[in-house]
Each structure stands twice: as structure tokens, then as C-alpha cells.
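The exercises below are meant to be worked with the sequence and the structure side by side. Try each task before reading its solution.

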Amino acid sequence: MADVSNGDAFVEFERVQKSYDGENLVVKDLNLSMPKGEFLTMLGPSGSGKTTCLMMLAGFETATHGDIRLGGTSINNIPPHKRGIGMVFQNYALFPHMTIAENLSFPLEVRKMGKSDREAKVMRALDMVEMGAFGGRRPAQLSGGQQQRIALARALVFEPELVLMDEPLGALDKQLREKMQFEITHLAHRLGITVVYVTHDQTEALTMSDRVAVFDDGRIQQLAPPDKLYEEPQNSFVAQFIGENNTLEGVVKEISNGVALVQLDDGGLIDAKPINVSKAGERTRVSIRPERVEYNKDRMPEGAHTLKAEVLEFIYMGDIFRTRLRVAGKDDFFVKTRNAPDQVRLKPGQEIEIGWLAEDCRALDA
Amino acid sequence: MSDTTQSGPVLAADGTPLKRSLARALRMQKIRALMLVAPLLLFVLITFILPIGDMLFRSVENQIVSDTLPRTVVALREWDANSGEAPDEAVYAALAEDLKIAAAAKLHTRVGSRLNYEKPGISSMFRKAGRKVKKWDVENGGPFKEQFIAIHEGWGDPDAWRTIQTYSPNFTNGYFLNAADLQKGAEGAEWRPEDEQIYWVLFKRTMFMSMVITISCIILAYPVAWILANLPARSANMLMILVLLPFWTSLLVRTSAWKVMLQQQGVINETLVWLGLVADESRLVMINNQFGTIVAMTHILLPFMILPMYSVMQTIQPTYLRAAKSLGATNWTAFWRVYFPQSVPGIGAGSILVFILSIGYYITPELVGGTKGVFISNRIAFHISSSLNWGLAAALGAILLAVVLVLYWAYDKIVGIDNVKLG
Ligand SMILES: Nc1ncnc2c1ncn2[C@@H]1O[C@H](COP(=O)(O)OP(=O)(O)OP(=O)(O)O)[C@@H](O)[C@H]1O
Ligand SMILES: [Mg+2]
């Protein structure tokens with residue numbers, strides 16, 4: 001799904017730029033194309049321009065440069081109310097002076113739909129989010145999770161093909177959030193709608209989406225399915241941002257057979273997969289996931305370079321063990337191991353050797 | 001731990017029943033709270049409750065007649081006002097006795113003026129009689145009937161005596177009747193003659209003009225409040241200063257400024273004549289009439305409309321409008337169906353404020369209202385400071401108070417007072 005040719009793209013951003021004040025570009029050169037039915041998540045730190053992108057798509061902000069297309073036609077000059085895009089706002093934006101049923105009926109009324117059709121559709125939408133009994137209440141009389149579901153139902157009731165959601169679960173507690181994550185993805189796939197979803201929460205992004213666009217500094221840093229994003233980050237920002245990650249800094253000594261030999265700043269040598277480095281002498285930041293680090297001699301790959309490490313802390317977490325090590329002069333290197341019967345439990349003060357497969361360790365930009 | 005299965009009241013740690021020790025603890029709290037608000041309560045009592053109570057009392061109080069003429073009042077009880085004849089000698093004798101005492105204390109003119117409100121002409125009867133009675137011998141000087149009639153023929157008029165009899169009780173509804181353009185006739189209350197009816201017209205005018213002022217304020221304030229609420233903070237503060245600026249200039253100055261603007265030789269007329277839109281001899285009359293009052297008062301009361309509207313609109317998040325548009329509403333529909341209903345509490349609060357302020361307004365109508373643009377409050381002021389008929393002024397004020405309360409009640413029934421937000 002990653003390489004969508006422009007032919008069957010449903011939503012397209014082409015070289016889109018946006019500036020609010022004429023001085024700083026909040027969105028710099030955004031290119032994105034989504035096929036119909038995709039669930040795409042925009043993930044990124046605060047202020048990286050996610051909401052801005054969503055607002056441009058919805059029509060509440062205009063792009064300063066570039067083209068946004070929906071179903072092949074440019075929508076730059078179409079006002080928001082004619083775009084037919086459903087939207088779930090971060091604070092839900094349910095109209096407080098209307099009942100739930102009136103809220104849902106609003107988009108149908110402005111489309112001049114007949115009364116009986118309206119009522120049938122509102123009922124169906126309420127049932128879809130399992131809120132059929134709440135039509136007569138006011139938004140203020142609902143809990144956060146219920147309001148969230150109504151906001152979702154309202155964005156879907158007029159059957160848009162594209163739905164935008166801006167951190168819709170931000171205000172919910174963890175348990176409810178997980179339940180709603182499941183419900184939203186389920187519903188989106190069942191109805192076959194295309195969804196652009198914005199979140200801060202990487203777990204949410206990884207579990208819900210077909211593809212994730214990682215935003216930083218007004219650019220998409222990487223656009224990939226969740227597994228690729230986690231396992232094959234394209235640069236050190238993505239590696240840092242998604243999941244837990246150990247980084248070590250050094251200089252490339254040589255690259256041969258697709259393996260880069262990296263000399264760390266304290267002299268240690270490691271093997272890594274060259275991603276953003278091409279020749280010897282370049283500075284690099286290598287990244288390795290805690291669960292891919294091996295300290296059991298028997299399971300270490302043959303001929304691999306190893307590093308000396310000192311155990312600083314052993315944290316028992318039930319299903320896994322987290323061990324904090326001092327490696328190459330840094331004492332925030334973590335190792336995660338599964339709690340298995342034959343697993344060694346390290347003790348603080350112990351001196352060990354660690355190693356990994358060259359392809360699990362990625363040499364990225366410095 | 002205490003035994004929770006025991007019967008009888010739950011006991012506190014020291015053995016007293018829990019209920020009582022709780023009540024004691026709460027009572028201390030209540031007393032402390034009461035002491036904190038005591039100065040405020042006292043202030044409100046002295047400056048607000050007592051004056052209003054006094055006003056309501058004055059509007060029905062009428063002790064002056066029975067206090068000054070006690071014997072006459074008793075003697076007059078027997079007299080039948082519908083007999084068509086003046087009372088007999090006993091009443092005149094009592095009057096002579098009362099008047100002599102009253103004239104010595106210089107109180108007779110006061111009764112005269114009090115009764116003069118009800119029947120013009122009585123005041124001179126008392127003045128003249130008082131002067132003469134001082135020299136009479138009230139014990140043996142009788143009979144007095146002819147002597148009184150010789151002083152002023154009004155003393156022989158049964159109508160004058162009817163007025164004295166009608167107003168001899170300690171309390172009267174006469175002021176209220178008067179305030180409603182009614183009078184006490186032979187068969188109870190009746191309308192005053194057509195040409196003496198002034199208050200009813202004034203009340204109607206006050207209501208009507210206050211309504212017009214309120215509506216003008218709504219129309220002018222709504223866009224201003226909207227802009228204020230939607231501007232970035234810094235520009236909004238700047239604009240807010242402009243809105244509040246009128247508060248920092250004297251009311252008198254602002255009203256006089258409207259005189260300068262609106263009078264026939266004023267800025268607007270001069271400009272219109274200069275532009276050739278209005279002929280020199282037919283300059284517009286915009287001051288000393290209702291138009292002038294409405295313009296000046298709308299200007300003066302505008303901030304009272306803008307501020308509550310602004311504070312309500314500030315709480316309406318712009319995402320509501322965006323949500324409406326994303327659901328397919330045009331700009332107008334989004335405004336009318338989503339924004340406007342949420343701003344109604346602000347309009348309600350502003351309207352109540354402006355309406356209530358304007359029905360009691362005094363200075364501006366006085367200065368720019370002429371005769372056609374004065375309010376009921378100008379009449380009240382007249383009775384307080386010029387005619388000194390405080391009872392009537394109090395009755396008019398009480399009616400105004402009742403009208404405000406009724407309107408407030410009606411507003412609560414229709415819109416709901418909970419829907420009013422002042423901030
Ligand atoms: N209306 C605006 N006027 C000026 N600058 C704005 C405006 N809206 C956003 N910005 C700026 O644009 C940048 C991107 O904002 P945006 O809201 O798109 O971030 P975001 O990725 O959605 O962040 P968050 O995760 O915190 O919601 C920020 O630096 C923000 O300050
Ligand atoms: Mg945002």
C-alpha cells in the first residue's frame with residue numbers, strides 16, 4: 001500500500017506549504033497520497049503541523065502553496081461546507097444547545113433531507129455507536145466517552161467518504177481510549193471510509209492505522225505501515241520518536257557487504273546496517289531496539305562485534321525484564337528480555353558483553 | 001472502632017450524639033460566615049432595603065391629616081358627604097380648635113398643601129383661615145361656621161369637606177390612584193378628566209422608548225461584541241478600551257455632546273445643509289424630542305449591552321462554527337443555527353440591564369428630551385424636588401418597581417433566568 005500511484009489516489013497533497021505569519025513555514029513541502037479506504041494516522045510532536053494539515057484538508061485554512069486534491073479534483077477553492085468531509089474535533093464540538101438527536105440531524109437538515117429519512121438515519125447512526133437510548137439528552141449530560149461516540153456518529157451520519165479526526169481520544173482515560181480505538185478502526189473498516197487520524201500517542205498510531213505519517217518540523221519524516229515504521233525507521237528522529245530506542249554515536253570505519261563497521265566515540269566497535277550513511281568517515285547515530293539486544297553468549301551471532309557493559313539496574317516488570325546498562329560511557333542503555341524459564345536475571349554491578357544482529361542495528365543520520 | 005450494630009444515636013468520640021456535635025461544628029462555621037458578610041448586609045440594609053421600604057411606606061402613608069386635625073377628623077365621621085350640605089357647627093368648632101393649635105405650630109399650611117394635591121384650591125383655604133384663627137377665642141367665639149365661610153367661601157363647599165373626610169384615615173390609596181390617573185369620586189375610583197391624565201401616557205412612553213433603546217442597543221452591540229470576541233487578545237483589548245471610554249467621561253458631558261451634534265444649528269444639520277441634502281429652512285428636529293432621547297440613551301447604555309454579550313460570546317468556541325461548516329452548513333446557517341442560539345444568554349442579560357436602566361433614566365431625558373421625550377422618572381424627580389409631593393413620587397416609584405419585577409418574572413418564565421450570563 002505504500003506506493004500508491006497517482007491514478008487511484010483519493011486524497012492527495014502535492015508540494016503543499018503553509019505559513020500563518022508570512023515568516024515561518026509551519027508545513028514545508030508536504031506530499032502525500034492516500035487510496036480510498038485507507039486509515040492513515042498523522043503522528044508527531046506538538047506543533048509539528050498535524051492539525052494544520054487537517055484544517056487545510058477540511059478547508060478551514062488555505063494552503064499558501066501547492067495543491068490538495070480529493071478524488072482527483074483540486075479542492076483549493078471549494079468552501080468547507082461543500083467538501084463533504086466528516087470531521088471529529090478534539091473537544092468534540094457537539095452543539096450544547098441541541099439534543100443528541102438534533103446534533104445528528106443537523107447535517108441532514110442542511111442537506112434538505114426529509115423528516116422521516118432524517119429520523120431513520122439518526123436512529124441508525126445512534127445504534128451504530130450503541131447510543132440509541134440517548135437521543136433526547138443534551139451533550140452536557142453525557143460522559144466523555146459517550147460524547148466522543150456521538151461526535152463520531154455525527155461525522156458519519158451524512159455518509160462522507162472521508163473522515164478527519166483530530167486527537168479524538170485525547171481526553172479519555174486509558175481503558176476507554178483502548179476500547180474506542182478498537183471501535184473506531186472497526187467501524188472505519190466496516191463502512192469502508194477513508195480516515196485521516198491525528199494523534200500524539202504512538203501506541204494509538206501503531207495499533208489503529210494502515211499507514212502512519214510521522215511529522216516533524218513541518219515535514220513527513222516517514223510514511224510507512226506500523227511494522228515498517230517500528231522496525232525500519234528511516235532516520236534518527238523516527239527511531240527516537242517511535243517506541244523505545246537505544247542510541248550510540250560514532251564514526252563509520254568501513255562499509256562492506258551491506259554491513260557498516262562503526263567505531264563508537266569511546267573506541268568500541270559495532271556492526272550496523274547502513275541506512276543514512278554511504279561512506280567511511282561519516283558521523284552516524286546508531287539505533288537499536290532494547291528487545292533486540294542479546295547478552296546470552298550462546299545466542300549471540302557468530303563473529304559479531306560485542307560491547308562491554310555494566311549492569312546498573314534490574315527492573316522486574318512481570319512479563320518482561322528491563323535492565324539498565326552502562327554502555328560506551330552512557331548509562332541510559334536499556335535491554336528488554338522476555339520472562340522465560342531459562343532467562344538469566346542480571347544483577348547490578350555485573351559485567352557483561354552485549355551484541356546484536358547487524359541488521360537490527362541501524363546506522364542513521366547523526 | 002465503635003460498635004456499629006448498637007441501637008440508638010451514633011456517638012462522637014467524646015460521647016455526645018454525633019448529630020449534635022455536627023450541628024455545633026456547623027453552627028460555628030455559620031456564625032463565622034455570617035460575621036464575614038455582616039458589613040455587607042448592613043450596607044445593603046441601610047442603603048437599599050430601608051430606602052425602598054421607606055418609599056413603599058410613604059406611597060400609602062397619610063397621617064398628616066389626622067395628626068394635625070384630630071378633633072375635626074372625629075367630628076367629621078358623622079357627616080354624610082352625599083347629603084349635598086356642609087357639615088354642622090360641631091365640625092367647624094373642632095376645626096377652629098385644631099387650626100389654632102396647628103397655626104401656632106405653623107403646621108396648617110402643610111395640611112393645606114397635602115390636601116391641595118387632591119383638590120386644588122384647598123391650600124389657600126387653610127392659609128387664610130390659619131391667619132385669622134390665631135386671633136379667635138375658640139372657647140366662646142362661636143358659632144364658627146359663618147366665620148369660616150366669611151374667610152373663604154370654600155369652607156362652605158361640601159366637595160372640600162368630602163376631600164378632608166376622604167383623606168382623614170392614616171393610610172390611603174390616593175397616591176396610587178393619582179399615579180394611575182384616577183381619582184376618588186362619589187362612587188369610588190374614577191378616571192380623571194382627559195386633560196389631567198399624564199402618568200398613563202408617561203408610563204407608556206417610558207416603556208415604549210426603553211424598548212426601542214434596548215432593541216437599538218442589541219442591533220448595535222451584537223456586531224461589536226462579536227468582533228471583540230473573535231479578535232486576537234491585543235486588538236480586542238484596544239477595542240475594549242474604546243467601548244469603555246464612555247464610562248470615563250461624565251454623563252453630562254456626553255449628553256451635552258449630543259446636544260451639540262443634534263441641535264438645529266448642530267454638526268449634523270450643518271453638514272446635511274452643506275451637502276445640500278436638507279434645505280436651510282427645513283432643518284431636521286433631532287433634539288428635545290423622542291428621537292434625541294433615544295439616540296443619546298442608546299449611546300450611553302451601549303456598553304451595558306456589549307459587555308455581557310462579549311463575555312458570553314467569548315465562551316463560544318470557534319470550533320462550533322467549524323464543526324457546523326464541516327457538517328455542510330453555509331456561513332449563514334452555521335451562524336444562525338449554532339452561534340446565535342448560544343449567544344442568546346448574553347442578549348438576554350444585556351437587554352435586562354439596558355431596559356431596567358433605561359426605564360429609570362433621568363438625566364438624559366431631562367437634558368435632551370424636551371416635553372415629548374421625558375420619562376416617568378423626570379416626573380418623579382419633579383414631585384420630589386419641585387412640587388414636594390413625595391407620596392405621589394413614592395407611588396410612581398413603587399409602580400415602576402412593580403413593573404420591573406413583573407418584567408423580570410415574565411423574562412424568567414419565557415427565557416429562564418438561568419440562561420442569563422453576565423460573565
Ligand atoms: N492560527 C494560527 N496562527 C498562527 N500560528 C499558528 C496557528 N495555528 C497553529 N499555528 C502554529 O503552527 C504550528 C503548527 O501547529 P499545529 O496546530 O498544526 O500543530 P499540531 O501538530 O497539531 O500540534 P498539537 O499536537 O500540539 O496539536 C505551531 O507552531 C503553531 O504555533
Ligand atoms: Mg493539533
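**Exercise 1.** State which domains chain B is divided into, and how far apart the centres of domain 1 of chain B and domain 2 of chain B lie.

*Solution.* Begin with the domain assignment, which gives chain B a domain 1 at 2-58, a domain 2 at 63-172 and a domain 3 at 199-419. Then take the centres over C-alpha atoms, where domain 1 of chain B and domain 2 of chain B are separated by 56 Å.

**Exercise 2.** Do the same for chain A, and find how many residues each of its domains brings to the contact.

*Solution.* Chain A is split into domain 1 (9-236) and domain 2 (244-364). Between the C-alpha centres of domain 1 of chain A and domain 2 of chain A there are 39 Å. The contact between these domains draws eight residues from domain 1 of chain A and eight residues from domain 2 of chain A.

**Exercise 3.** Decide where confidence is highest and where it is lowest among the elements of each chain.

*Solution.* Keep in mind that this is a predicted model, with scores of ipTM 0.80 and pTM 0.76. For chain A the mean pLDDT is 89, and 98% of the residues reach 70 or more. Among the elements of chain A, helix 2 (residues 100-109) has the highest mean pLDDT, 95, while helix 5 (residues 174-191) has the lowest, 87. Residues 1-5 of chain A fall below 50 in pLDDT, although this stretch has eight contacts in the model beyond near neighbours in sequence. Where pLDDT is low, predicted coordinates should not be read in detail.

Turning to chain B, the average pLDDT is 87, and 96% of the residues score at least 70. Here helix 10 (residues 199-230) of chain B stands highest at a mean of 93, and strand 1 (residues 182-185) of chain B lowest at 78.

**Exercise 4.** Describe the shell around ligand 1, and then identify polar contacts that protein atoms make with oxygen atoms of the ligand.

*Solution.* First list the shell, whose residues are Y20(A), V26(A), S46(A), G47(A), S48(A), G49(A), K50(A), T51(A), T52(A), E167(A) and H200(A). Sorted by type, these residues comprise two nonpolar, seven polar and two charged. Helix 1 (residues 50-58) of chain A contributes the most, with three residues.

Next, look for N or O pairs within 3.5 Å. An N or O atom in the side chain of T51(A) lies 2.5 Å from an oxygen atom of ligand 1. From the backbone, a polar atom of G49(A) is 3.0 Å from a ligand 1 oxygen, and an N or O atom of S48(A) is 3.2 Å from an oxygen of ligand 1. Finally, consider the area: ligand 1 taken alone exposes 630 Å², of which the protein buries 58%.

Methods. Residues are numbered from 1 along each chain as its sequence is written. Chains are lettered from A and ligands numbered from 1 in the order in which they are written. This is a predicted model: local features need pLDDT of at least 70, side-chain atom pairs count only at pLDDT 80 or more; totals for chains, interfaces and linings use all residues. Side-chain values use heavy atoms; hydrogens and water are left out. Domain bounds come from an automatic or database domain assignment. pLDDT is the predictor's confidence in each residue, from 0 to 100. Helices (H or I, at least four residues) and strands (E, at least two) are DSSP runs, numbered from the N terminus. Contact means heavy atoms within 4.5 Å. A residue is near a molecule or strand if one of its heavy atoms lies within 4 Å of it. A polar contact is a pair of N or O atoms within 3.5 Å; within protein, one must be able to donate a hydrogen and the other to accept it, and residues adjacent in sequence count only if both atoms are side-chain atoms. Accessible areas come from the Shrake-Rupley method with a 1.4 Å probe; for residues, only the protein chains shown count as cover. Ala, Val, Leu, Ile, Met, Phe, Trp, Tyr, Cys and Pro count as nonpolar, Asp, Glu, Lys and Arg as charged, and the others, Gly among them, as polar.
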